[in-house]
Structures are given as structure tokens and as C-alpha cells.
Amino acid sequence: MEIEWNTKYIDPQNLINISKGDQARMERYLRQFMELIPKRVADLKNHLREDNRKMIRQTLHQMSPQLQFFGIPDVVMPIRRLEFEYQTMAHKDLENLINEILEKLDGACGEVDLIIRNNFLK
């Protein structure tokens with residue numbers, strides 16, 4: 001069975017390489033993504049609402065390795081910027097950057113969920 005990727009937000013090549021094409025390992029990694037990232041997205045939204053910059057930075061830092069592993073390239077640079085400028089950035093800029101990241105992460109979560117449903121729940 002060949003996995004149908006059809007992705008816009010994630011680049012599955014790193015996942016494919018690391019799992020050496022083993023579909024059971026890919027499924028495990030995909031499920032781990034869905035266990036970790038949606039909760040951290042919810043945490044990030046709460047921290048933004050509370051303007052808790054320290055926790056915003058910490059949550060982004062916790063997510064960063066998983067996001068790089070899953071090849072979500074459009075969020076790496078904004079996360080790095082936030083990690084360094086989280087204290088000094090104007091609130092509106094912080095909010096805009098986080099909302100941009102959240103939009104991409106929501107898209108990535110949707111893609112991963114669809115990949116699981118279409119390829120591993122048959």
C-alpha cells in the first residue's frame with residue numbers, strides 16, 4: 001500500500017527517510033504528531049489570550065523539533081523570531097505572527113489527520 005500524502009503544509013520526505021519507508025513507523029510518528037501538536041496549539045492560543053510571553057516562547061520551543069521533523073518549513077523562521085524577540089515584540093506583531101503560525105499548524109494537523117484516516121484506518 002502506497003501512502004497518499006497530498007500535502008500543502010507538511011513535507012513528508014523527512015518522515016519517509018527517517019522511517020525508511022516502514023509504514024508502521026510512519027503511522028506511529030503521525031499519531032504522535034496528533035497527540036502532541038493540537039494540545040500545544042491550544043496551549044499557545046491560551047497563552048496568547050493571556051499575553052503570557054514566557055509560556056508562548058516555551059510552548060513554541062517544545063513544538064519546534066516536532067515541526068522540523070515533519071517538515072513544516074513555513075513556521076520555522078517565525079518560531080525562531082518569536083523565541084528571540086518574544087519579550088520586546090509589540091503585542092500586535094506578536095499576535096499576528098502567532099496567528100500566522102497557528103493557521104499553518106491547523107492546516108498541518110488537518111493534513112496529518114486526513115493521512116491517518118485515509119491510509120491507516122482502512
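Let me start with the contact between α3 and α4, where, in this predicted model, Arg57, Leu60, His61, Ser64, Leu67 and Gln68 of α3 meet Val75, Val76, Ile79, Arg80, Leu82 and Glu83 of α4. If you sort the residues of that contact by class, you find 6 nonpolar, 3 polar and 3 charged. The two helix axes come within 10 Å and cross at roughly 150°, and since angles over 145 degrees count as roughly antiparallel, α3 and α4 are therefore roughly antiparallel to each other. As for handedness, α3 passes α4 in a left-handed crossing.

Staying with α4 for a moment, which of its residues are buried? They are Val75, Val76, Pro78, Ile79, Leu82 and Glu83, so the list includes a glutamate, Glu83, alongside Val75 and the others. These buried residues of α4 pack against α3 and also against α5. As a general reminder, an α-helix has 3.6 residues a turn, so residues three or four places apart point the same way.

That brings me to the core. The largest nonpolar core has 35 residues, and among these Phe33, Leu67 and Ile72 touch the most other members. Four helices, namely α2 (23-49), α3 (53-69), α4 (73-85) and α5 (91-120), each supply at least two residues of it, and the helix that gives the most is α5, with 12 residues. What does leucine 67 touch, if we set aside its neighbours within four places in sequence? The answer is Phe33, Ile37, Ile72, Val75, Ile79 and Leu105, and I would point out that Val75 and Ile79 have already appeared on the α4 side of the contact with α3.

The second helix pair I want to show is α2 with α5, whose axes lie 9 Å apart and pack at an angle of about 150°. With the cut-off for roughly antiparallel set at over 145 degrees, α2 and α5 are therefore roughly antiparallel to each other, and α2 passes α5 in a left-handed crossing. By class, this contact has 18 nonpolar, 3 polar and 6 charged residues.

Cysteine 109 is a useful residue to look at here, and it is found in helix α5. Is cysteine 109 buried or exposed? With a relative accessibility of 10%, cysteine 109 counts as buried, because the limit for buried is under 20%. Not counting residues up to four places away in sequence, cysteine 109 touches Phe33, Met34, Ile37 and Pro38, and two residues in that list, Phe33 and Ile37, are also contacts of leucine 67. Proline 78, by contrast, is 31 residues away from cysteine 109 along the chain, and the C-alpha atoms of the two are separated by 18 Å.

Finally, a word on backbone angles in the loops. Most residues other than glycine have a negative phi. Lysine 20, however, has a phi near 55°, which is positive, and lysine 20 sits in the loop between α1 (13-19) and α2. Its relative accessibility is 72%, so lysine 20 counts as exposed. Aspartate 51 likewise has a positive phi, near 55°, and is placed in the loop between α2 and α3. For aspartate 51 the relative accessibility is 35%, so this residue counts as partly exposed.

Terms used. Residues are numbered from 1 along each chain as its sequence is written. This is a predicted model: local features need pLDDT of at least 70, side-chain atom pairs count only at pLDDT 80 or more; totals for chains, interfaces and linings use all residues. Side-chain values use heavy atoms; hydrogens and water are left out. A nonpolar core is a set of buried Ala, Val, Leu, Ile, Met, Phe, Trp, Tyr and Cys residues joined through side-chain atoms within 4.5 Å. Buried means under 20% relative accessible area, exposed over 50%, partly exposed in between (1.4 Å probe, protein chains only). Contact means heavy atoms within 4.5 Å. Axes are lines fitted to C-alpha atoms, for helices over the stretch in contact, and angles run from 0 to 180 degrees between N-to-C directions. Angles under 35 degrees count as roughly parallel, over 145 as roughly antiparallel, 65 to 115 as roughly perpendicular and the rest as oblique. A crossing is left-handed if the near helix is turned anticlockwise from the far one by less than a right angle, and right-handed if clockwise. Ala, Val, Leu, Ile, Met, Phe, Trp, Tyr, Cys and Pro count as nonpolar, Asp, Glu, Lys and Arg as charged, and the others, Gly among them, as polar.
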